[in-house]
Structure formats: structure tokens, C-alpha cells
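Here are some short exercises to work through with the model open in front of you. Try each task before reading its solution.

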Amino acid sequence: MKKEVALIFFYLIFFFFFSSCKEKKIDLGKDIIFKKEKNISYGTDPEQIMDLYIPQSRSNEKRQVFIIIHGGGWRGGDKSQLTFFTLSMMKKFPEYIFANINYRLASATNYALPYPIKLKISVRW
């Protein structure tokens with residue numbers, strides 16, 4: 001009986017932990033809140049995805065956008081490496097939109113340039 005209760009408790013904790021991680025808002029304090037959209041496709045290749053952070057504050061003005069592109073010499077890297085940097089920039093520029101992107105990487109079959117930079121944009125949100 002105790003094992004069943006412990007198992008149920010473990011599953012409840014596991015469920016609450018993962019359901020809370022899917023929050024669509026990021027609160028950075030001082031009334032700085034961003035709406036978060038993860039893994040939005042911006043091209044025809046599955047590697048062409050971005051995380052988009054949109055300020056929650058209402059404004060009728062056009063907003064400027066920071067596009068965060070990870071390094072890696074076209075051969076490696078991932079947008080997740082710059083998440084902390086993106087969050088720190090969001091604190092400094094709370095009225096801007098942020099796009100933290102991945103791009104196609106070169107590989108043994110898809111050689112360096114121009115493969116990573118060929119782009120057909122089709123963003124919808």
C-alpha cells in the first residue's frame with residue numbers, strides 16, 4: 001500500500017513539474033513580461049526553427065526585433081546556448097521582440113556555404 005501511495009505521489013510531482021515547464025509567459029520582474037513561442041518554423045527545413053519572445057505590454061507602435069544567431073561556424077551549435085543571453089537582453093530592452101534562431105548546419109552531405117544560408121521564409125503566427 002505504501003509503495004502504491006509513493007508511486008502515485010511520484011507521478012503527481014512528475015506531472016506538475018512538466019506541466020509547469022510549458023509556461024507560455026516569462027516574467028522578468030519589474031513588470032517585464034514576454035509571451036514565449038517555442039520552435040516556430042521559419043523555413044522549409046526542419047532545422048530552421050526559432051523561439052520568439054514578444055513583449056506582453058500593449059503598444060500600437062511598430063516594434064523592433066533582435067535576431068539572436070548562435071555561433072558555430074555553420075557546423076555546430078544550437079539556439080539553446082544563447083537562452084540566458086537572450087533573457088538578459090530582454091531585461092535591458094523590454095519593448096523589443098526577440099527571435100532566437102537555429103539555422104541549417106553544414107554536414108558531410110551538405111557542404112558548408114551556401115547550404116546554411118539558402119532561405120525560403122514562410123513564418124506564420
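**Exercise 1. Trace the fold: in which pattern do the elements follow along the sequence?**

Solution. Reading along the sequence of the protein chain gives α-β-β-β-β-α-β. Counting up, you should find two helices and five strands; helices (H or I, at least four residues) and strands (E, at least two) are DSSP runs, numbered from the N terminus. This is a predicted model, in which local features need pLDDT of at least 70, side-chain atom pairs count only at pLDDT 80 or more, and totals for chains, interfaces and linings use all residues. Residues are numbered from 1 along each chain as its sequence is written, and side-chain values use heavy atoms, with hydrogens and water left out.

**Exercise 2. Find what average pLDDT the protein chain has.**

Solution. The pLDDT is the predictor's confidence in each residue, from 0 to 100. Its average over the protein chain is 79, and 69% of the residues score at least 70. Next, look at residues 14-20: the pLDDT there is below 50, and the stretch has zero contacts in the model beyond near neighbours in sequence (contact means heavy atoms within 4.5 Å). Where pLDDT is low, the predicted coordinates should not be read in detail.

**Exercise 3. Decide whether Ile 69 is buried or exposed.**

Solution. First locate Ile 69 in strand E4, residues 65-69. Then apply the cut-offs: buried means under 20% relative accessible area, exposed over 50%, partly exposed in between (1.4 Å probe, protein chains only). With a relative accessible area of 52%, Ile 69 is therefore exposed. For the whole protein chain, 27% of the 125 residues count as buried.
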